[in-house]
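Please open the structure in your viewer and keep the sequence beside it, since the tour below moves from one selection to another.

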Amino acid sequence: MASSPILDNPTRTAALLAGAITLAAAVLILAVVGSLVAAAGFLAVGIIAAGMVFAWRLLTPQHATEPRTIDWEFTRAVAQASSDAVAITDRAGRLVCANDAYEALFAGFPTPPGLPLDNDGVALLGNAGRIAWREGNGVVRNLHVGVHRVCARITRAGDEGDMLVWRFSVTEEQDVAASTEALIEGATGDRLGGAGVMAALICPDGRVRAANRVLAQRALGGGERLEGRDFARLLITDSRGLVRFEREGLDGTPLRVVQIPFMDSEDAPVLVALLDDEDSAPAIGASASAHVRSLVSLMPFGMALVDREGKFLQMNDAFIRAAGVDARTPPLYPGDLVVREDKAAVADAIRRFAGGATHSSDMAVRLKSHPEEPVALTIAGARGLGDAAVLLSLKDNSEESRLKREVAQATKMQAVGQLAGGVAHDFNNILTAIIGHCDLMMMRHSPGDSDYDDIQQIRTNSNRAASLTRQLLAFSRQQTLRPQTLQLPDVVAEVSNLLKRLMGEQIRLDVTHGRNLGAVRADPGQLEQVVVNLAVNARDAMLAHNPGGGGTLTIQTKSVTATEVRAMASDILPVADYTALVVSDEGGGIPPEILPKIFEPFFTTKEVGKGTGLGLSTVYGIVKQSGGWIFAESKPGQGATFTMYLPVHAAGTVTRVPASRPSPKPVEMWGTGTILLVEDEGMVRAVAERALTRQGYTVMTAENGEAALELLDRNGRPDLLISDVVMPTMDGPTMVRHARDRYPDLPIIFMSGYAEEQLRRSIDLDNVAFLPKPFSVQQLAEAARDVLVGR
């Protein structure tokens with residue numbers, strides 16, 4: 001096990017330090033307030049608090065002055081209780097804890113993601129780790145560690161969210177032989193015995209791997225087990241070729257031996273059924289055929305029997321589920337299950353095996369029920385099964401296919417989000433230049449001039465374009481949020497009047513709220529936008545489906561407990577307590593082929609000019625950036641339901657948002673001093689330079705970080721440094737760190753098209769201001785003025 005050291009300081013030092021701080025604070029109060037009573041009261045409270053801390057530290061075995069003490073021995077004991085391989089890494093990527101299962105799986109304690117994985121597993125695992133740092137959770141399936149197939153789940157944890165918990169669970173492919181073995185030896189084997197079927201699973205070397213109890217009783221006559229015995233030595237054959245148990249001798253009841261080759265590989269076991277053949281008939285009788293059908297119906301994997309004419313004789317439940325068969329109108333031929341292009345190949349294979357082919361073969365086919373993804377159909381010739389001539393096997397991979405689709409959709413949405421964020425950032429640079437030049441032109445014209453209205457129109461449309469880029473940033477989860485602790489019913493109530501006006505007279509609004517709703521932490525303005533966007537989409541869907549009658553829009557809030565989430569068995573929604581918002585309509589529904597695309601930006605089914613395709617993508621981005629999940633469900637003709645899950649916020653860790661300051665009175669924007677402006681986009685640099693120069697500043701410009709540092713070397717300290725964040729050769733934060741080494745108190749303003757809170761997480765610099773793009777000349781002047789006057 002790897003662990004981090006636990007720092008500890010003497011209790012006396014902590015008490016003396018607390019006392020000194022308390023005494024100093026009391027003196028300060030006395031000096032500022034001038035009240036001896038207030039100072040004495042504060043000193044008394046401080047002494048009591050220090051005493052409590054002193055007592056706590058004496059009673060605590062591990063007393064540390066660090067803000068958090070982690071008992072790694074206890075942590076490892078908890079990890080040991082898991083059968084999964086578990087490891088914990090810190091923010092620096094160091095392995096600090098791991099259990100024995102981790103050591104056994106990876107032959108030591110390598111640090112994730114640098115694990116002994118096949119193919120591109122390390123890259124996939126590293127990407128999932130980065131997603132976990134950003135979003136809290138990451139998942140990678142189908143990693144290969146030697147002979148094992150592993151699923152990795154990564155979770156950000158710790159009081160400060162500065163650790164990753166890596167959990168690796170071995171998810172081997174469904175072992176059909178193992179499942180069959182468990183069935184034969186369990187209650188299913190007893191039911192087969194009651195039906196007169198003696199079943200055994202025989203290894204390639206002829207030894208018994210598993211057998212039901214009735215077979216062991218007949219073959220050995222006692223309580224011994226058959227496992228590991230040579231199956232051939234249990235049987236004898238007379239001169240007529242009839243098979244009997246060796247223990248019963250030639251006077252025993254003849255047997256029919258039926259082999260079912262349900263797996264296609266050289267080292268695969270064979271399923272064998274032994275049936276009493278009272279009549280000693282050369283062919284299997286109707287009674288024995290019924291036994292075989294009972295055996296097929298109990299198999300856990302999809303099996304079907306086909307006669308010599310190529311018609312279905314039997315399909316078990318697993319086959320019906322895997323093939324998507326309607327049990328009320330079952331198909332007549334196997335070719336009826338597949339798409340038109342695969343019919344001929346399936347029919348030829350059935351005809352070949354029915355004609356005498358004895359081996360088995362796998363072929364990839366596309367089923368009518370879900371033609372988008374091929375499945376493996378195993379075909380084998382059958383002997384001794386009465387009317388049956390061909391045995392079909394089909395694996396039910398509907399769950400696997402669903403998971404693949406969900407993972408592919410999540411990956412696609414992440415990639416599209418990154419693209420949308422990059423496009424929005426670049427477009428914001430262009431809009432900054434357009435809006436800035438409009439502002440400069442409007443300063444030279446007054447209302448009523450022939451050009452003034454045209455310039456104003458350009459600026460208005462530029463602001464509309466800026467609104468679109470904000471929606472793109474919302475989708476890519478790069479917008480600035482102002483989260484608060486709130487209740488979802490309050491958000492719905494805030495927009496209820498607006499919704500009634502938006503819905504019109506044809507749409508009825510039905511709002512219900514559940515009980516015991518947990519508080520959530522999100523930006524109330526952004527959640528209002530989520531509700532409005534979903535409601536407007538629902539209104540349009542109902543009016544399009546029923547222009548004369550409209551319909552009912554239902555908005556519901558409810559509590560969803562961790563137990564209920566666990567019962568959902570969702571691989572996407574983490575198990576936790578949630579407060580949910582459900583928006584349902586009575587429209588025409590969303591077609592299945594469109595449903596996976598509805599959250600993609602610019603995807604719309606509305607007529608040209610009636611929708612940007614950014615409404616639902618904005619909803620998706622807001623929900624995801626708020627730490628939540630959103631799902632859409634719909635059946636054609638039955639409306640659509642959108643369900644948003646926001647995690648319940650722990651009240652004990654609420655960080656209150658400070659009240660906003662009142663709008664300041666207009667102040668003079670004119671200023672003096674030298675400003676160093678660093679921006680790689682020439683058009684943005686030019687308009688910002690002209691705007692600041694017009695306000696009275698002396699402006700030096702640089703196109704990148706290296707050029708800016710050279711200007712500092714030649715000209716010394718400026719009064720203010722304004723810099724873009726993302727630039728070639730040397731980015732803004734790196735350049736500012738070098739500048740702060742020379743001038744520690746240098747005021748900084750960062751310009752960026754990305755979200756402020758995202759930048760603050762990635763930029764470890766104090767006392768910096770942010771100016772989001774696109775900005776106007778007025779906003780740039782105000783930002784410079786605020787920083788220089790220390791507001």
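Two residues are in contact when they have heavy atoms within 4.5 Å. With that meaning, residues 24 or more positions apart account for 60% of the contacts in the protein with a separation of 6 or more. The model shown here is predicted. Begin with the whole protein, in which 44% of the 791 residues count as buried and the secondary structure comes to 22 helices and 28 strands.

**Stop one: an open sheet**

Select β24, which covers residues 674-678, and look at how much of this strand is covered: 4 of its 5 residues are buried. Now add strand β25 (residues 698-702), which runs parallel to β24 and is joined to it by 5 bridges; in this pair, Leu 677 stands opposite Thr 701. If you follow the chain from β24 to β25, you pass through helix α18 (residues 682-694), and this β-α-β crossover is right-handed.

Next, add strand β26 (residues 720-724), which pairs with β24 in the parallel sense over 4 bridges. Here Leu 676 stands opposite Leu 721, and the bridge partner of Ile 675 is Leu 720.

Widening the selection brings in an open sheet of 5 strands in the order β25-β24-β26-β27-β28, with parallel pairing. Its edge strands are β25 and β28 (768-772), each of which pairs on one side only. On average, and with direction ignored, neighbouring strands of this sheet are turned by 20° against each other. Then show helix α20 (residues 732-742), which packs on the sheet and touches β24, β26, β27 (748-752) and β28, while its direction makes about 160° with that of β26.

**Stop two: a kinked helix**

Move to helix α14 (residues 488-503), where you will find a kink of about 50° centred on Ser 496. Ser 496 is itself buried, as are other residues of α14, including Leu 488, Val 492, Leu 499 and Met 503. The helix is followed by Gly 504, whose phi is positive, near 80°.

**Stop three: the nonpolar cores**

Nonpolar side chains tend to be buried together in soluble globular proteins. To see the largest nonpolar core of this model, which has 37 residues, select Leu 527, Leu 553, Ile 555, Leu 581, Phe 599, Phe 642 and Met 644, the members that touch the most other members. Among the elements that give two or more residues to this core are α14, β20 (551-560), β21 (578-584) and β23 (640-647), but the largest share, 9 residues, comes from α15. A second, separate core has 26 residues, and these include Val 365, Leu 367, Leu 377 and Val 390.

**Stop four: Leu 392**

Finally, select Leu 392, which is found in strand β16 (residues 388-394). Is Leu 392 buried or exposed? Residues under 20% relative accessible area count as buried, and Leu 392 is therefore buried, because its relative accessible area is 1%. Leaving aside its neighbours within four places in sequence, Leu 392 is in contact with several residues, among them Gly 302, Met 303, Phe 312, Phe 319, Pro 334, Ile 350 and Leu 377. As a last selection, show Ala 380, which is 12 residues from Leu 392 in sequence and 6.5 Å from it in space, C-alpha to C-alpha.

Notes. Residues numbered from 1 in each chain as written. Predicted model: local features only at pLDDT ≥ 70, side-chain atom pairs only at ≥ 80, totals over all residues. Heavy atoms only, no water. Buried < 20%, exposed > 50% of the residue type's maximum accessible area, 1.4 Å probe, protein only. Pairing = 2+ DSSP bridges. Right-handed = clockwise from strand over helix to strand, strands pointing away. Axes fitted to C-alpha atoms, helices over the stretch in contact; angles between N-to-C directions. Bend = angle between axes of the 7 residues up to and from the residue. Core = buried A, V, L, I, M, F, W, Y, C linked by side-chain atoms within 4.5 Å.
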